[in-house]
Amino acid sequence: MSLRNRSLQSDTTSDPDLRQLSASGDSSADKQNKLAPKVTVKKILIASGCALLLFQASSHTYNRVHDDKLRYYANIEPANIQSNQDTFSSYVKQCTSEQLAVIQAQLPPNECMINKNQPWVQRCSFTYATRCPDATWLYNYYTHLHRSRKQRHKRTFVGIFIGCNKGMDAVNAMRMGSGNPIFDKSTWRNSITQNGKVQLSHAVCGQDKSEQFELEDRGGYDNSTFAQLHCVEAMPGTAMALEESARQLAWDEHGFVVTHAAMSRRDGSIPFPRAASVGVENKGIGNCKEGHSCVNVTMYSLDTFVTKFVPENVPINYLSVDVEGYDMDVLLGGMEKALSRVHYFEFEYNWMGSWKNQHLLDLVELLDHQGFTCYWPGFDDNIWRITGCWLEHYDIHFWSNVACVNRNADGAQSLAKSMEQMFQNTLSKEGSIVMNHA
């Protein structure tokens with residue numbers, strides 16, 4: 001999703017890590033997050049192919065039945081979350097029955113249920129709601145930062161865009177985060193299209209033509225501010241075009257770093273289609289099983305990538321994951337180290353790739369224990385909290401976008417409060433908004 005205003009796999013049972021897990025036995029570990037809920041995996045009980053994970057978070061015990069595949073997740077150690085003593089909230093309040101009723105009226109299950117066997121039609125309320133998020137919460141947050149010169153000159157900005165595609169969202173994010181006016185979408189468009197000679201693949205939400213982040217004070221940029229954005233792209237042709245444009249504009253000298261690589265749960269290599277138009281959005285790993293000419297691409301886990309390429313001791317302000325159905329794998333690959341440094345990130349929920357054998361609720365719960373609150377990001381200042389507000393029809397796999405904020409990170413407190421307030425404002429609209437295709 002990121003700032004692009006979008007409109008509108010592999011089987012986990014073949015995972016070698018999963019196959020190596022013991023079929024029975026007890027496991028316990030005390031993992032403490034700084035000023036975040038203390039998470040203890042008390043037991044893993046395997047019975048009739050199901051695992052009952054008992055999580056103790058401080059004074060409460062968290063119970064949830066997981067299927068057999070989720071034994072793997074129980075072995076992931078919660079990373080430390082840096083925080084101060086005045087955190088926004090170590091815990092997320094559960095939605096009341098009244099709030100859940102409002103959410104269900106605004107994001108009704110009807111179309112999702114009717115079309116659950118044909119998810120490619122994208123006729124579901126949370127798909128419609130998140131198809132082209134306007135990300136006003138991010139725009140407002142960074143506008144406020146840039147207006148405060150004192151804060152702006154003391155901070156850093158690091159972004160990582162996994163599945164960078166045409167680079168439009170990444171350029172806009174770098175402009176927004178760094179405040180540097182050289183990062184301009186029209187300049188980038190002219191470069192990557194060679195002044196119109198190269199036809200870009202269709203952008204679902206027209207990111208190449210949409211407005212960019214507005215910088216109110218063009219003359220006030222402090223070039224001593226550290227800013228870095230990693231544009232990571234696995235498709236060979238697209239990665240080559242991105243690298244050439246960054247060099248041509250000399251943006252690589254200003255922190256815009258293009259890396260030709262794939263991202264998943266572990267390190268290695270993986271085949272990607274060799275020939276495809278620049279910026280194609282619906283091609284990836286799965287297409288190499290369909291007779292396409294493919295080339296092996298270096299693959300990193302998120303933890304490895306951050307350790308290898310991102311400076312230490314700086315937060316990762318903005319992470320975007322868009323990998324056509326393998327988003328959860330990428331995030332699982334960052335659970336040990338990388339995610340603890342992330343302030344805000346976005347990913348896609350899908351019916352393709354690994355997602356077809358994974359569940360959104362499982363990921364949201366894991367992220368909650370890491371200190372993240374996740375939302376359905378909408379448009380017209382509408383946003384719906386998923387964490388603590390789960391509805392059963394969310395488990396029907398449809399393409400959609402999810403945005404999560406680290407509620408315990410020092411630098412993300414105001415953003416977390418802003419997103420939660422926007423959620424409350426959305427609820428206050430009650431029946432005046434209904435997200436469907438009718």
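The following conversation goes through some features of a predicted model.

Biologist: Why is alanine 135 called buried?

Modeller: Alanine 135 has a relative accessible area of 0%, and because buried means under 20%, alanine 135 counts as buried.

Biologist: Where does alanine 135 lie, and what is its phi?

Modeller: Alanine 135 lies in the loop between helix H4 (125–130) and helix H5 (136–147), and its phi is positive, about 50°, although alanine 135 is not a glycine. Most residues other than glycine have a negative phi.

Biologist: Why is aspartate 381 called partly exposed?

Modeller: The relative accessible area of aspartate 381 is 38%, and since buried means under 20% and exposed means over 50%, with partly exposed in between, aspartate 381 is therefore partly exposed. Aspartate 381 is found in the loop between strand E13 (372–377) and strand E14 (383–385), and it too is not a glycine but has a positive phi, of about 60°.

Biologist: What makes E8 and E9 edge strands in the open sheet with the order E8-E10-E9?

Modeller: In this sheet of 3 strands, whose pairing is mixed, strand E8 (262–264) and strand E9 (268–273) each pair on one side only, and that makes them the edge strands.

Biologist: How do you know that E8 and strand E10 (residues 294–301) pair?

Modeller: Two strands pair if there are at least two bridges between them, and E8 and E10 have 3 bridges, in the parallel sense, so they count as paired. Alanine 262, for example, has methionine 299 in E10 as its bridge partner. Helix H10 (residues 302–309) packs on the sheet, where it touches E8 and E10, and its direction makes about 80° with that of E10.

Technical notes. Residues numbered from 1 in each chain as written. Predicted model: local features only at pLDDT ≥ 70, side-chain atom pairs only at ≥ 80, totals over all residues. Heavy atoms only, no water. Helix = DSSP H or I, 4+ residues; strand = E, 2+ residues; numbered from the N terminus. Contact = heavy atoms within 4.5 Å. Axes fitted to C-alpha atoms, helices over the stretch in contact; angles between N-to-C directions. Buried < 20%, exposed > 50% of the residue type's maximum accessible area, 1.4 Å probe, protein only.
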